[in-house]
Amino acid sequence: MGSVSDHHSNGEEGVILGVDGGATSTVCVCLPILLSADHRGLSENLPVLGRASAGCSNHNSVGENAARETLERVVAEALDEAGKHHSSVLAVCLGVSGVNHPSDEHRILKWMRDIFPSETKIYVRNDAVAALASGTMGILHGCVLVSGTGCIAYGFTEDGKEARAAGAGPVLGDWGSGYGIASQALTAVIKSHDGRGANTMLTSSILESLKLSSPDEIIGWTYANSSWARIAALVPLVVSCADAGDKVANDILINAVKELAESVHAVVKRLKLAGEDEKKEFPVVMVGGVLEANNKWDIGKAVSKSILQSYPGACPIRPKLEPAIGAALFAWNSMMKEISD
């Protein structure tokens with residue numbers, strides 16, 4: 001048993017850090033000590049002392065050196081904006097895309113141990129944990145569905161069991177992700193041009209957007225830069241074509257909805273989140289640009305409808321807090337639990 005002050009020996013007021021490291025961007029926020037044991041009532045009005053952002057921190061996408069540099073940079077910049085030092089950090093949670101194995105956690109933990117004091121509590125998890133925590137005020141229970149550049153479904157039971165589905169990256173079939181949707185659209189354009197697929201509005205829409213004159217030029221454009229986010233940025237074009245009645249684009253989005261809903265179903269079944277009768281209530285936090293409403297085609301709404309058809313007790317949540325703040329709340333809750341145990 002102890003107190004926050006017992007775990008912070010210098011004279012500076014302590015802070016909590018939360019990091020959301022995705023395949024497109026990385027954000028770090030710095031929060032003051034949460035004086036209220038029940039901070040859920042603060043909702044979106046949590047005070048942010050410092051905030052910093054940078055590019056991708058997924059080591060599978062940019063490599064270990066670039067990932068480490070990005071994480072260290074956003075931490076340093078958020079603390080600088082807050083007027084704090086690394087020594088003032090009581091706890092930090094880094095929710096990072098690409099953390100899929102204990103070895104990934106250990107790698108990032110080692111990086112952070114080099115810049116933080118030994119007494120700082122450091123928690124390294126997949127970025128889906130930060131996303132879930134943003135909708136549950138730092139409490140890990142229920143399921144989160146993330147679909148941005150990449151996608152993943154992740155779930156936790158109240159007694160700590162966890163399960164995930166998808167999130168293996170674009171090569172291994174995350175077709176519900178922004179990358180998956182856009183890559184299928186590019187493939188459809190190439191197949192149409194070859195005569196292997198149906199005509200589609202995607203051809204003119206994508207060529208105009210990329211300032212290309214022929215589908216043949218898409219090949220060079222695609223392989224000129226391997227960035228997942230660069231491909232995923234084409235998703236709004238797919239949605240616009242589907243809104244305009246293009247069957248090929250519509251089918252791609254229908255398939256994405258199916259993939260995302262099946263990922264949630266897999267997690268819910270493995271953890272029995274809906275109970276034996278599959279009617280028990282549980283939160284489903286939905287995060288990411290792909291799931292946001294866009295014109296008539298609302299992917300998030302379609303996924304929610306599919307989930308509710310199978311699990312009427314599911315409670316879809318669109319968080320008011322950003323995932324980085326969710327990570328900070330998780331760090332605070334985890335630290336307080338350790339102190340109280």
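User: In β4, which residue is the bridge partner of Gly21?

Analyst: A word on the ground rules: this is a predicted model, in which local features need pLDDT of at least 70, side-chain atom pairs count only at pLDDT 80 or more, and totals for chains, interfaces and linings use all residues. Residues are numbered from 1 along each chain as its sequence is written, and side-chain values use heavy atoms, leaving out hydrogens and water. Strand β1 (residues 15–21) pairs with β4 in the parallel sense over seven bridges; strands (E, at least two residues) and helices (H or I, at least four) are DSSP runs numbered from the N terminus, and two strands pair if DSSP finds at least two bridges between them. Within β4, the partner of Gly21 is Val96.

User: And how many residues of β4 are buried?

Analyst: Here, buried means under 20% relative accessible area, exposed means over 50%, and partly exposed is in between (1.4 Å probe, protein chains only). β4 covers residues 89–96 and is mostly covered. It also pairs with strand β5 (residues 121–125) in the parallel sense over five bridges. The buried count for β4 is eight of eight.

User: There's another sheet further along. Which are its edge strands?

Analyst: Five strands form this open sheet, in the order β8-β7-β6-β9-β10, with mixed pairing. Each edge strand pairs on one side only, and those strands are β8 and β10.

User: Which residues of β8 point to the buried face?

Analyst: In a regular strand the side chains alternate between the two faces of the sheet. β8 (residues 162–165) alternates too: Glu162 and Arg164 point to one face and are not buried. The side chains on the other face, which are buried, belong to Ala163 and Ala165.

User: In β8, what is the bridge partner of Tyr154?

Analyst: Strand β7 (residues 151–156) runs antiparallel to β8, and four bridges join them. The two form a hairpin with five residues between them, and Gly160 in the turn has a positive phi of about 100°. Ala153 has Ala165 as its partner in β8. For Tyr154, the partner is Arg164.

User: At about what angle does α10 run to β8?

Analyst: Helix α10 (residues 247–271) lies across β6, β7, β8 and β9. Axes are lines fitted to C-alpha atoms, for helices over the stretch in contact (heavy atoms within 4.5 Å), and angles run from 0 to 180 degrees between N-to-C directions. For α10 and β8, the angle is about 155°.

User: Is Ile317 buried or partly exposed, and what is its relative accessible area?

Analyst: Ile317 lies in strand β10. Not counting residues up to four places away in sequence, Ile317 touches Gly135, Pro283, Val284, Val285 and Met286. Ile317 is partly exposed because its relative accessible area is 24%.

User: Which non-glycine residue in the loop between β8 and α5 has a positive phi?

Analyst: Most residues other than glycine have a negative phi, and most peptide bonds are trans. The residue in question has a phi of about 65° and counts as partly exposed, at 31% relative accessibility. It sits in the loop between β8 and α5 (178–194), and it is Ala166.

User: What is the relative accessible area of Lys211?

Analyst: Lys211 is found in the loop between α6 (202–210) and α7 (216–224). Its phi is positive, near 60°. Lys211 is exposed, with a relative accessible area of 73%.
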